[in-house]
Protein chains: 2
Amino acid sequence: MVYLTMSFNTYRVLFVTPKFKAPLGAPFYFEEEQMYIRQAFDLVKMTAGQTGRNPAVGCIIVKNGVIIGIGAHLQEGSAHAEVQAIRMAGDATGATLYCTLEPCNHTGKTPPCTEAIIQAGIKKVVFAVRDTSLDDTGIRYLEAHGVEVVHAPDAAVSAFYDAFFISKEEKRPYVTLKLAATLDGKLADDFGNSKWLTNEASRQDVHRLRHQQDAVLVGRKTYAVDEPKLDARHVSEKVPIKVIISRTGDVTLHEADITSGQRIIVISPTAVRHAETLITQDFRPARLLELLYQAGISRLMVEGGSSVISEWINQDCFDEVVIYYAPKLLGGTLNNRFYHTEESRMTHLRLVDIQQFEDDVRLTYRKGQ
Amino acid sequence: MVYLTMSFNTYRVLFVTPKFKAPLGAPFYFEEEQMYIRQAFDLVKMTAGQTGRNPAVGCIIVKNGVIIGIGAHLQEGSAHAEVQAIRMAGDATGATLYCTLEPCNHTGKTPPCTEAIIQAGIKKVVFAVRDTSLDDTGIRYLEAHGVEVVHAPDAAVSAFYDAFFISKEEKRPYVTLKLAATLDGKLADDFGNSKWLTNEASRQDVHRLRHQQDAVLVGRKTYAVDEPKLDARHVSEKVPIKVIISRTGDVTLHEADITSGQRIIVISPTAVRHAETLITQDFRPARLLELLYQAGISRLMVEGGSSVISEWINQDCFDEVVIYYAPKLLGGTLNNRFYHTEESRMTHLRLVDIQQFEDDVRLTYRKGQ
């Protein structure tokens with residue numbers, strides 16, 4: 001147990017976590033686990049969006065109250081967080097290892113973490129989230145080898161891994177539908193004008209969202225007309241994989257995309273020049289998701305026009321809807337309404353977040369009541 | 001100057017006010033004026049929505065650091081806040097009077113406040129907001145009679161009086177358009193079903209808004225079909241004046257409305273039984289506002305269906321738009337979209353407030369970019 005006297009600000013942040021204890025008259029304190037798990041989670045936030053179908057994981061190794069190892073899983077195929085941290089630690093005999101996700105016990109592209117932990121002489125493992133996607137949990141194996149294992153649940157860390165579990169269990173990318181609309185639900189006016197509907201601050205925030213994605217999907221028409229960059233240039237150099245849907249195969253890549261060296265996937269019934277083509281005759285969203293998962297994509301943002309958005313909602317192929325509302329009204333015809341159906345059809349959502357960007361508002365919803 | 005040691009919470013609230021000073025190393029303090037003006041403003045918040053075309057005003061009289069008089073303007077025609085406070089004070093010789101709005105210097109339904117202040121022997125007047133609607137400011141008159149006058153501006157108090165000044169200067173009610181919609185901008189599905197679109201917490205909040213209004217306006221169809229109560233029963237017994245628009249005069253009051261004894265105004269080309277009828281052939285919103293102001297209404301909430309809302313927006317006859325977004329999507333035809341025009345027509349708004357009611361979100365906008 002570490003005792004800390006904390007400022008009011010720190011107190012407020014920690015008060016929301018279930019493990020925080022502040023008995024009357026005692027100094028504010030919280031359990032050691034909580035602190036190191038949060039530090040490991042900081043590593044997760046740094047690497048989220050760059051680990052493909054693998055989860056971002058953070059790991060901290062502590063000995064005698066001093067951090068001796070720090071690790072994060074950086075990319076699909078590279079060393080796991082635990083292994084990175086053990087390498088940094090050198091002699092980790094008798095140390096405690098904190099990690100955001102339960103250590104794996106299986107040999108995939110890398111050897112199992114449990115083995116590395118045992119060999120390093122680590123005496124205790126504290127983890128925040130159980131990896132329900134594993135057939136074989138490593139806990140029993142670790143305990144059988146004399147390692148104490150503690151599950152220290154943390155709501156924020158759990159929420160982060162939702163997308164990973166959904167993706168891994170359903171073998172499809174976690175899908176975020178993103179759109180920018182007027183208050184009355186139009187993506188553009190009747191003539192298709194939509195440029196600068198939302199403000200600079202919102203557009204910058206879209207880049208933050210893109211930075212966390214493996215891929216961004218648009219329809220052929222949006223790709224042809226808007227020539228969207230679909231990058232995250234306001235926040236990083238990362239360019240998520242561009243995914244273009246073409247039911248006819250009639251799509252020509254823009255010169256800038258051909259020369260960029262960035263990965264571009266076209267889903268089409270026939271091969272498309274200069275692009276990695278996923279060939280299919282079946283364009284239902286569920287099939288597209290299957291193909292994209294096979295291509296290594298576990299977080300997908302759909303930035304379609306109104307047909308794509310409406311189809312994905314109606315086919316129930318989404319996890320999250322992010323709407324940027326510009327402080328504007330447009331009216332007009334049914335054209336370019338972000339959601340359209342033949343007749344009224346109620347879809348229920350759950351509000352999970354509200355953000356303000358000057359006069360724009362970003363609302364985030366998840367599926368279900 | 002009064003010095004106070006304040007808790008962290010109080011500090012946060014006051015930090016936003018321009019007059020608050022907290023030099024390093026000194027105890028937190030703020031000027032006396034600020035404190036009493038805020039207390040006077042508390043009285044305003046209590047009485048807002050019950051003073052008709054008059055502004056709600058709060059007044060505090062202080063002598064030797066003790067409050068000796070408290071006053072608020074309660075209803076159109078009744079004594080002004082300053083007069084109420086002076087009556088309570090008894091002997092106010094040498095006292096300081098704090099009020100939210102500059103004291104009047106004119107004889108309307110009541111004698112001028114300036115005269116009462118001078119006769120009471122008050123030596124200093126502190127007010128927050130200049131009454132720009134007055135031809136004759138009372139300041140010079142007070143000063144000529146030896147009263148010290150201090151203008152202590154306060155952003156929150158100023159913002160409150162916006163509606164009053166707009167109403168008085170333009171001789172029309174301040175107009176709030178209120179609506180509850182799905183995220184894609186529908187008030188109801190294609191068959192007109194709209195009941196319980198928003199949740200209980202949002203509906204209760206609508207009652208809070210109504211409590212602050214003089215009147216609530218609906219179209220004839222909404223009145224006939226929905227039989228709306230349009231009251232504030234979840235927060236108070238106040239029933240704002242019901243205003244019903246009927247272009248044909250073909251409207252029958254519901255039995256409950258006839259027997260309630262509450263004021264109901266019908267705007268119609270011919271007299272309507274059991275109702276106070278404002279007769280006109282001209283149903284443009286601007287004309288309706290003129291008639292309603294003459295009938296004593298200075299704060300009007302329009303709770304129309306999509307025709308009324310769209311017409312009032314398109315005719316630029318509104319000050320504020322309050323949208324409750326339910327976490328739902330509906331799609332369907334153009335029917336029951338909250339905003340419709342023949343062709344796209346951009347209206348720019350300014351975001352002024354965001355509130356969350358469980359999964360519903362209330363966004364408040366004012367006119368203009």
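**View 1. The interface of chains A and B in the predicted model.** Of the interface residues of chain A, 100% are also interface residues in chain B, so the copies meet through the same surface.

**View 2. The axis that relates chain A to chain B.** Two copies of a chain are related by a rotation about an axis and a shift along it. Here a turn of 180° and a shift of 0.0 Å along the axis lay chain A on chain B, with an RMSD of 0.1 Å. This is the relation of a two-fold axis. In chain A, A:Gly185 has the C-alpha nearest the axis, 2.7 Å from it.

**View 3. An edge-to-face pair, A:Phe41 and A:Phe160.** Over all chains, the structure holds 13 aromatic pairs. In this one, the ring centres of A:Phe41 and A:Phe160 are 6.0 Å apart and the planes are at 70°, so the pair is edge-to-face. The pair links distant parts of the chain, 119 residues apart. A:Phe41 is in helix 2 (residues 32-47) of chain A, and A:Phe160 is in helix 6 (residues 155-170) of chain A. A:Phe41 is buried, at 7% relative accessible area. A:Phe160 is partly exposed, at 25%.

**View 4. The aromatic cluster around A:Tyr161.** A:Phe160 and A:Tyr161 also pair edge-to-face: their ring centres are 5.1 Å apart and their planes at 85°. A:Tyr161 is buried, with 0% relative accessibility. One aromatic cluster is formed by A:Phe41, A:Phe160, A:Tyr161, A:Phe164 and A:Phe165.

**View 5. Charges over rings in chain B.** B:Arg53 places its charged end over the ring of B:Tyr293, 5.8 Å from the ring centre. B:Lys367 lies over the face of B:Phe318, 5.5 Å from the ring centre.

How values were computed: Residues numbered from 1 in each chain as written. Chains lettered and ligands numbered in written order. Predicted model: local features only at pLDDT ≥ 70, side-chain atom pairs only at ≥ 80, totals over all residues. Heavy atoms only, no water. Least-squares fit on C-alpha atoms with pLDDT ≥ 70 in both. Contact = heavy atoms within 4.5 Å. Phe/Tyr/Trp six-rings, centres within 6.5 Å; stacked < 30°, edge-to-face > 60°. Helix = DSSP H or I, 4+ residues; strand = E, 2+ residues; numbered from the N terminus. Buried < 20%, exposed > 50% of the residue type's maximum accessible area, 1.4 Å probe, protein only. Lys NZ or Arg CZ within 6 Å of the ring centre and 35° of its normal.
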